[in-house]
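Please look first at the whole fold, then at its sheets, and lastly at one residue in a loop. The paragraphs that follow take these in turn.

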Amino acid sequence: VQLQASGGGLVQAGESLRLSCSVRTSRISGMGWFRQAPGKEREFVARISESGALPDYTDSVKDRFTISRDNAKNMVYLQMNTLKPEDTGVYYCVAGRFGGLKVGKVDVWGQGTQVTVSS
C-alpha cells in the first residue's frame, strides 16, 4: 500500500480545507487520518471502514470534519470545516485494520501534509 496525501495549506480560522489521499493498493483496508501538532504527539483524527459505512472521529473534530472514501477512484478525503488554530499540524493519511486505527495500530503511514490555521 502506498499513500499520497495532498490539500494542506494556510487558512484563517473558520475557513475550510479538503485533504485528499491517493491510495495505491491491491486490497481494500480501513483508512484514516492522524495529525501531529508542533511539540505534540501524533493523534488520531478520523477513520473509515473498508466499505465507507463506518466513519469515526475524535471528539474535537466531530461535527466539523467529514471523512469519506471513493474505492472506485482509490481516494480518501477529509473535509475540514470551521477550522480552528488548534487544528494546525501535519496531517497523515494512514491505512490498516479499521478496528485498530483509532489506537494507533497503523500498517501504512503516508507522508504528511501541513495544515496551518491562523487566528
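Read along the sequence, this predicted protein model follows the pattern β-β-β-β-β-β-β-β-β-α-β, where helices (H or I, at least four residues) and strands (E, at least two) are DSSP runs numbered from the N terminus. In total there are one helix and ten strands in the protein. Its radius of gyration, taken over C-alpha atoms, is 13 Å, close to the 14 Å that the globule rule (2.2 Å times the number of residues to the power 0.38) gives for 119 residues, so the protein is as compact as a globular protein of that length. Along the principal axes, the C-alpha atoms fill a box of roughly 40 × 25 × 25 Å.

Because this is a predicted model, local features need pLDDT of at least 70 and side-chain atom pairs count only at pLDDT 80 or more, while totals for chains, interfaces and linings use all residues. Residues are numbered from 1 along each chain as its sequence is written, and side-chain values use heavy atoms, with hydrogens and water left out.

Let us turn to the sheets. One open sheet has six strands in the order E2-E10-E9-E4-E5-E6, with mixed pairing; two strands pair if DSSP finds at least two bridges between them. Strand E2 (9-12) and strand E6 (55-57) stand at the edges, each with a single partner strand, so one side of each is left without a neighbour in the sheet. On average, neighbouring strands of this sheet are turned by 25° against each other, direction ignored, with the axes being lines fitted to C-alpha atoms and angles running from 0 to 180 degrees between N-to-C directions.

Within this sheet, E2 and E10 pair in the parallel sense over four bridges, and Val-11 has Val-117 in E10 as its bridge partner. Strand E9 (residues 89-96) pairs with E10 (residues 108-118) in the antiparallel sense over six bridges, and there Tyr-92 has Gly-112 as its bridge partner. Strand E4 (residues 30-36) also pairs with E9 in the antiparallel sense, over seven bridges, and Met-31 is matched with Ala-95 in E9. Seven of the eight residues of E9 are buried (under 20% relative accessible area, with a 1.4 Å probe and protein chains only), so this strand is largely enclosed by the rest of the structure.

The other open sheet to follow has four strands in the order E1-E3-E8-E7, and its pairing is antiparallel. Here strand E1 (2-6) and strand E7 (65-70) stand at the edges, each with a single partner strand, so one side of each lacks a neighbour in the sheet. Neighbouring strands of this sheet are turned by 15° against each other on average, direction ignored. Strand E3 (residues 17-24) is joined to strand E8 (residues 75-80) by six bridges, and Cys-21 stands opposite Val-76 in E8.

Where is the place of Asp-87? Asp-87 lies in the loop between E8 and E9, and it is buried, with a relative accessible area of 0%. Leaving aside neighbours within four places in sequence, Asp-87 is in contact (heavy atoms within 4.5 Å) with Arg-35, Val-61, Arg-64, Phe-65, Thr-82, Val-115 and Val-117. The side chain of Asp-87 also reaches the backbone nitrogen of Lys-84 at 2.8 Å. Asp-87 and Ala-13 are 74 residues apart along the chain, and their C-alpha atoms are separated by 9.4 Å.

Definitions and conventions: Buried < 20%, exposed > 50% of the residue type's maximum accessible area, 1.4 Å probe, protein only. Polar contact = N/O pair within 3.5 Å; in protein donor to acceptor, adjacent residues only side chain to side chain.
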